[in-house]
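Biologist: I am new to this structure and should be grateful for a close look at a single part of it. Please choose one helix, describe how it sits among its surroundings, and then follow the connections outward.

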Amino acid sequence: MNRFFGRLKQNRTKIWVGAVTLLLVFYLVVSFQRSLLLLTDPEPVARAIGAAYLVLPVIGAWALIRELLFGARTEQMAKVLEAEGGLPVDNLPRTPAGRIVRAAADEEFEKYRAETEAAPDDWRSWFRLSCAYDAAGDRKRARSAMRDAVRLFRASNGALAR
């Protein structure tokens with residue numbers, strides 16, 4: 001029983017993502033069905049609303065697929081880095097509330113920024129820079145750096161496949 005709860009705790013992020021994904025898929029299906037109902041209505045205004053409403057599930061499905069692929073690629077890169085021993089170590093001091101001390105994160109950030117400037121075409125340096133941005137509390141730049149890492153990772157894997 002402890003083993004079950006241990007694995008449950010270990011995979012709670014994936015379980016949460018799965019639950020949110022299922023809810024979003026349900027919403028998208030219902031939205032799509034409602035838009036089809038409006039499109040079959042004889043009133044032109046209802047049909048126009050149905051056509052406009054049809055855009056929501058399409059955009060939602062696109063965003064969902066894009067985010068799931070981003071997460072899968074990020075996880076794939078983390079596994080490669082872990083196998084290589086290149087994952088950044090989470091040894092930054094924390095406040096009593098568990099948050100990373102900002103000054104320590106900023107100091108650590110400089111190391112990864114310099115690494116990325118020295119090797120701008122290496123996805124590994126961009127991955128570590130993304131982790132440093134995240135530790136420093138800059139989520140927007142962390143995500144942007146991770147997108148760069150994903151792009152370079154895909155390009156390097158494409159070159160290996162040729």
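Modeller: In this predicted model, 10 of the 13 residues of α5 are buried, so this helix is largely enclosed by the rest of the structure. The buried residues are Trp123, Ser125, Trp126, Phe127, Arg128, Leu129, Ser130, Ala132, Tyr133 and Ala135. From its first C-alpha to its last, α5 reaches 18 Å, close to the 18 Å expected at 1.5 Å a residue.

One partner of α5 is helix α4, whose buried residues pack against α5 (123-135). These buried residues of α4 are Ala105, Phe109, Tyr112 and Thr116. Viewed down the axis of α4, they fall within an arc of 75 degrees, so they line one face of the helix. A general property of helices is relevant here: an α-helix has 3.6 residues a turn, so residues three or four places apart point the same way. The face of α4 turned away from its buried side bears the exposed residues Ala103, Glu107, Glu117 and Ala118. As for length, α4 comprises 17 residues (102-118), which at 1.5 Å a residue should span 24 Å, and its end C-alpha atoms are indeed 24 Å apart.

The loop between α3 and α4 contains Arg99. With a relative accessible area of 64%, Arg99 is exposed, because this value is over the 50% cut-off. Apart from residues up to four places away in sequence, Arg99 touches Pro93 and Arg94. Arg99 can also be placed relative to α5: the C-alpha atoms of Arg99 and Ala135 are 9.1 Å apart in space, while the two residues are 36 residues apart in sequence.

Helix α5 also takes part in the largest pocket, which has a volume of about 590 Å³. This pocket is lined by 27 residues, and the closest to its centre are Leu87, Pro88, Phe127, Cys131 and Asp134. Two or more lining residues come from each of α3 (44-84), α4, α5 and α6 (139-161). The most is given by α3, with seven residues. By class, the lining divides into 14 nonpolar, four polar and nine charged residues.

Phe127, one of the buried residues of α5, leads on to helix α3, in which Thr74 is found. Thr74 has a relative accessible area of 18%, which means that it is buried, the cut-off being under 20%. Leaving out residues up to four places away in sequence, Thr74 touches Phe127, Met146 and Val150.

Helix α3 itself has 41 residues, which should span 60 Å at 1.5 Å a residue; its end C-alpha atoms are 61 Å apart, in agreement with that expectation. Along α3, the buried residues are Ala46, Gly50, Pro57, Gly60, Leu64, Phe70, Thr74, Met77 and Leu81. Just after α3, Gly85 adopts a positive phi of about 75 degrees.

Phe70, buried in α3, provides a link to helix α6, where Arg147 lies. Apart from neighbours within four places in sequence, Arg147 is in contact with Arg66 and Phe70. Arg147 counts as partly exposed, because its relative accessibility is 40%. Between the C-alpha atoms of Arg147 and Asp90 there are 21 Å in space, and these residues are 57 residues apart in sequence. Ser156 is also found in α6, and at 27% relative accessibility this residue counts as partly exposed. Ser156 and Pro42 are 114 residues apart along the chain, and their C-alpha atoms are separated by 54 Å.

Finally, α3 contributes to the second largest pocket, which has a volume of about 450 Å³. Of the 11 residues that line this second pocket, the closest to its centre are Thr13, Lys14, Val17, Gly71 and Glu75. Both α2 (12-39) and α3 supply at least two residues of this lining, and the largest share, six residues, comes from α3. The lining of the second largest pocket has four nonpolar, four polar and three charged residues.

To return to the part chosen at the outset, α5 is largely enclosed by the rest of the structure. The buried residues of α4 pack against α5, and Thr74 of α3 touches Phe127.

Methods:
Residues are numbered from 1 along each chain as its sequence is written. This is a predicted model: local features need pLDDT of at least 70, side-chain atom pairs count only at pLDDT 80 or more; totals for chains, interfaces and linings use all residues. Side-chain values use heavy atoms; hydrogens and water are left out. Helices (H or I, at least four residues) and strands (E, at least two) are DSSP runs, numbered from the N terminus. The expected span of a helix is 1.5 Å times one less than its number of residues. Buried means under 20% relative accessible area, exposed over 50%, partly exposed in between (1.4 Å probe, protein chains only). The arc is that of the directions from the helix axis to the C-beta atoms. Contact means heavy atoms within 4.5 Å. On a 1 Å grid over the protein atoms alone, a cavity is a set of points where a 1.4 Å probe fits but cannot get out, and a pocket is an open set with protein on both sides within 12 Å along at least five of seven lines; lining residues have an atom within 4 Å of a point. Grid points are joined across faces, edges and corners, and a volume is the space filled by probe spheres set on the points. Ala, Val, Leu, Ile, Met, Phe, Trp, Tyr, Cys and Pro count as nonpolar, Asp, Glu, Lys and Arg as charged, and the others, Gly among them, as polar.
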